[in-house]
Every structure is written in structure tokens, then in C-alpha cells.
Amino acid sequence: MISTIVIVGGGQAGAQAADTLRREGFAGRVLLVCEEPLLPYQRPPLSKKYLSGELAADRLPFRHRPFYDEHRIELKLGARAVSLDPRARRVELAGGEALAYDRLLLCLGAAARRLTCPGAELAGVHYLRSLADVTAIQAAIKAARRVVIIGGGYIGLETAATCRQMGCEVTVLELADRVLNRVAAPVVSQFFEHEHRAKGIEINCNARVIRLEGSDSVQRVMCADGSEIRADVVIVGVGAAANSALASEAGLACENGIIVDEYCRTQDEAIFAAGDCTNHPSPRFGRRVRIESVDNAFEQAKTAALNLLDRNVTHDRVPWFWSDQFDCKLLIAGLAQDFDQQILRGDPASRSFSVCYLKGGELIAVEAINHSKDYMAARKLIAERTHMCPAKISDATLPLKEAV
Amino acid sequence: MPRITFIEPDGFRRVINAPVGITLMEAAMQNGVQGILALCGGACACATCHVYVDAAWLPSLGDKEEMEEGMLECAWEPGENSRLGCQVHITSDMDGLEVTVPQRQGAI
Ligand SMILES: Cc1cc2nc3c(=O)[nH]c(=O)nc-3n(C[C@H](O)[C@H](O)[C@H](O)COP(=O)(O)OP(=O)(O)OC[C@H]3O[C@@H](n4cnc5c(N)ncnc54)[C@H](O)[C@@H]3O)c2cc1C
Ligand code: FES
């Protein structure tokens, strides 16, 4: 009999799993343990409307307190799990309290990668993962003019756009030869570089940061080519690493995340994992992936919750993602990996276009800029493994769903 | 506060006193309305806050922007009276509004 389910990590995945367990009629105890002392909340606005002040903090939580009370979800907030004993089926919290479980779900999320160069420990160097991080950034940029963002990925660019809208002078330093280089087509990178520059943001590609300098607080960012950028505040967005130490120290297999199967099961039959912290198979794309997105955290958490109740369902959905920068919305469906064709639809100069990726004629991914129709059509076409006609795809006057 | 009725997928009529200024989606989420997922939190990127609006109320909700229109076109069973809950801001004259939550959310 399963009488107690413990969920460690109260982010997108943890909160969703608790919700699903109750909706599916689980009547036993549900404990949701989270290091952050806050009701589970959404992270995407942190670099967007919450940072700018447009969205108040009380609009970030997924659910308000009465929801958890009504559904008898026991919240243990401000509680960090420090060790796990799979044999005894116990989780130990900082402070010594131990929680016994019949089934355990790990939704540990990911942590911002730290900068390791000299000067990285100076005051004024920030990361952006949690609400507490944003509170610190907001305080710092109130008194600052020059913000240097290290890393031109989604979080770096979103933060750059928001800081610019708040009146800062902003420079983005990107190691690769274009922004968004790991996650979008070159034409999409060019488009966003252009948008940011048009708004007065400085973007330096091929910029290898070697040192941060300053007396008390950071004042200069030094690059390998000898360039020196003045900074009052530095915000680092160089990716995130899965939080898997709790699992690996307990002997569970981890490699770029906690290894799970398509049922979200770890090697231990009583332990499941979901969200940013997992390395999981994608049957559809024929490979293992670790995905950091709201969609993946939600879907995996739902799957895991059902399997905690022995329902035997698999996680195999078409991933999707979005990013907001100024008035541009990037919408992504699928995974643009191992493709053999990349087709542009529409004219980037119109500020509404998309890029379609084919593999053996089948549509596997679409990046749509200010084009919700192509994006929504793509989610359906990719799910149905549709073979497409490249010539018709490039005719932007034809709806994407008819380009078959 | 305007009273808004959400008819959930199983037919249950959930009546909510919704504060003015937030969106229909937020009112639904805060009150745990079944069938509203709102994964993107109102960014107009997920189409999981889809509702059907009682026809009499449609005009008073204002027009859809192009982005919302595009999202709804390939949402699950869109209708003439489809809206994304996150794009509708609650105003004081919405007292009595009724919306129906579809059987499914998202693409396909
Ligand atoms: C600034 C920012 C912007 C983003 N924008 C987007 C976007 O536009 N679109 C999109 O799809 N995705 C976006 N994401 C990604 C998305 O937010 C994540 O993929 C999602 O939050 C993952 O959910 P999760 O539950 O796996 O992890 P998290 O939300 O990170 O939650 C994990 C929780 O577990 C807690 N925890 C970790 N270890 C322990 C422990 N040992 N004991 C107790 N608690 C612990 C953590 O403190 C945290 O609260 C963004 C992320 C960030 C940071
Ligand atoms: S909440 Fe995502 S589209 Fe409305």
C-alpha cells in the first residue's frame, strides 16, 4: 500500500505532481518539500515582466495557499533535503528531521552555472534562477547604469531586453559567433541581434571573458581579445546544470541529470524524477535528452504522478518553448537536432517569420517569430509525424498545415 | 467583485468572485478550475487557457489580437466563441459572465 508520497523540490514539476496526485484520487499523505521559502511559483516571468516590475510577486505562484490546504498537500517550505537513504526509504532534511516515504519523487530542477574566472566572486555579479536572485538584481540595477550580461542565450537576452527597457546601458557578451547559437537557426540569431541593437543594446560575439575586476564591487569585464567593458552590475546567464547531487550521493545513476526511463522511474523502484533535473529518453526523437522548459516539467510531472500510482504511462510529447524579448515572441515546437533540411518561411524584415526543420522529409521542429499560427500548426504536424513538401513550406502565403 | 461562472469539463459550475484587473486565466488558476492549465502563465504561448464564452458576452470582451487568433486556430476544437483566458482582463461590468472549459487543452 502506498500511504505516503514525498516530493522533493517545489517548482513547476513538484507542484504539478502534487496537483495531479490529488486529481487522480490519491488519498494518502502528500508532502511537498522545497528549499525555497515560497509557495511554488513560475520562473519564466523572472527575466521578463517580474524583473521589470510589471507583474507583482503575488501573481507568480501557481496556486494560492488555500488550494494546498483544501487538497491536503503538506507544504514543507524553506526545507532542504540533504540526504537520501533508498534502502530505509527516508529523506533527511537540513536540521535533522527525517521523512519516511513509500514513493519518492525528485523534482530538484537545475542551478545556474557559475562563472569560474578570476573575479567571479566580486560583489555585483549576479545569477538569475530564483525570485531571491531577481530581488537582488532589482536592488542592484536601481543604483546602476551599466549592466553587462555574460551569455547570449534565452535568459541572457531576455534579461538584456528587460534591463534596457528599465533604462540601463546594456552590453551582452557571447562566447560563440552568434547569440542563441545552441538553440536557434542562424537567421533567428541574426534577427534577435538586430532587434537588440536597434534598441541600443551592445552585443559582442566571440567574446571570451577571462577576468572580472573591481575594488569592492565589479567594475570591469576583461575579454581575451584585450577588450575591457565597464560594468556596475554583471548578470551571468551561461546555462544551468541539473541538481542531481541528492540522487547521485544516494547511488542513483546520474549523467547530465538523474537518469530516468520514459516512465520517469530511476533505478530504484520507489524513486521517480521529473523536470529540469532529469536525463530521459525521447522515443519520438530516438535519443536521450535533458530539457529545461515549463512544458517538459509539466508533462513529465504528470507522467511521474500517474506512475507513482502504478498507471504505467509514458512521457513522449512534442516539446515546446517560448521566449519574450521586447515586443518579439519566439515560439519553438519540437527539437531541432539531427535535421537534414532547414527552410525559411517568410521575410525576417517583416518581423514575422519561421524556420522549419525536416529530417527525411518529416517535420521535426519549427522556430516561429511573432507567428503563432505556424507554431500551433507545427505542434500538431510534428506530433502526427507529417511529411512535408519543402517547396510549399517556403511559400509563406500558404498555411503551414497545407504544406504537405 | 464580478461573479464569473466556469463550466468545467465534467459539467460542474464553479462560481468565482474574481478581482478586477487580473485575467480570466488567473482567476481560474487561483481557484483551481478544472481543465485550465495555463502553462505559459499568460504569455500567449501555450493555448492551455482556452475557454468558450457565452455568445451574449462576446462583444463586451473586446477584440482578439492577431497572436491570440493564431494560437486559437490550431487549438483543440476552436469555435467562433473561443478565447484565451489569459488575454481577457476582468472588468467590473463582467458580473454574471459564463465561460465553458473545453474537454482538452493545447494543440491538436
Ligand atoms: C529566468 C528564467 C526564465 C525562464 N523562461 C522560460 C520560458 O520562457 N519558457 C519555458 O518554457 N521555460 C522557461 N524557463 C525554464 C523553466 O522555468 C524551468 O524549466 C522549470 O521551472 C523547471 O521546473 P522544475 O520543477 O524542474 O525545476 P525548478 O522550477 O527549478 O524547481 C526546483 C525546486 O527544487 C528546489 N530544490 C532543489 N534541490 C532541493 C533539495 N535538495 N531540497 C529541497 N528543495 C530543493 C529548488 O530550490 C527549486 O525551488 C525559465 C527559467 C528561468 C530561470
Ligand atoms: S496561459 Fe498560455 S496561452 Fe494563455
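How many aromatic pairs are there over all chains? In this predicted model, the count comes to six aromatic pairs over all chains. One of them joins F67(A) and Y68(A) in an edge-to-face arrangement, with 5.6 Å from centre to centre and 90° between the planes. The points below set these rings beside the overall fold and surface of chain A.

**Aromatic residues**
- Both partners of the edge-to-face pair, F67(A) and Y68(A), are buried, which here means that each has under 20% relative accessible area.
- A single aromatic cluster is formed by F191(A), F192(A) and F353(A).

**Fold and dimensions**
- Chain A contains 10 helices and 26 strands in its secondary structure.
- The radius of gyration of chain A is 22 Å, and because a compact globule of 404 residues would have a value near 22 Å, the two agree.
- Taken along the principal axes, the box filled by the C-alpha atoms of chain A is roughly 60 × 60 × 35 Å.
- When contacts in chain A between residues at least 6 apart in sequence are considered, 60% of them join residues that are at least 24 apart.

**Burial and surface**
- Of the 404 residues in chain A, 56% are buried.
- The exposed area of chain A is about 16900 Å², of which carbon and sulfur atoms supply 46%.

**Charge**
- Chain A carries 49 positive and 50 negative charges, and the mean positions of these two sets lie 2 Å apart.

Technical notes
Residues numbered from 1 in each chain as written. Chains lettered and ligands numbered in written order. Predicted model: local features only at pLDDT ≥ 70, side-chain atom pairs only at ≥ 80, totals over all residues. Heavy atoms only, no water. Helix = DSSP H or I, 4+ residues; strand = E, 2+ residues; numbered from the N terminus. Rg over C-alpha atoms; globule rule 2.2 N^0.38 Å. Buried < 20%, exposed > 50% of the residue type's maximum accessible area, 1.4 Å probe, protein only. Contact = heavy atoms within 4.5 Å. Areas by Shrake-Rupley, 256 points an atom, 1.4 Å probe, with all protein chains shown as cover. Lys, Arg positive; Asp, Glu negative; His and termini not counted. Charge placed at Lys NZ, Arg CZ, Asp CG, Glu CD. Phe/Tyr/Trp six-rings, centres within 6.5 Å; stacked < 30°, edge-to-face > 60°.
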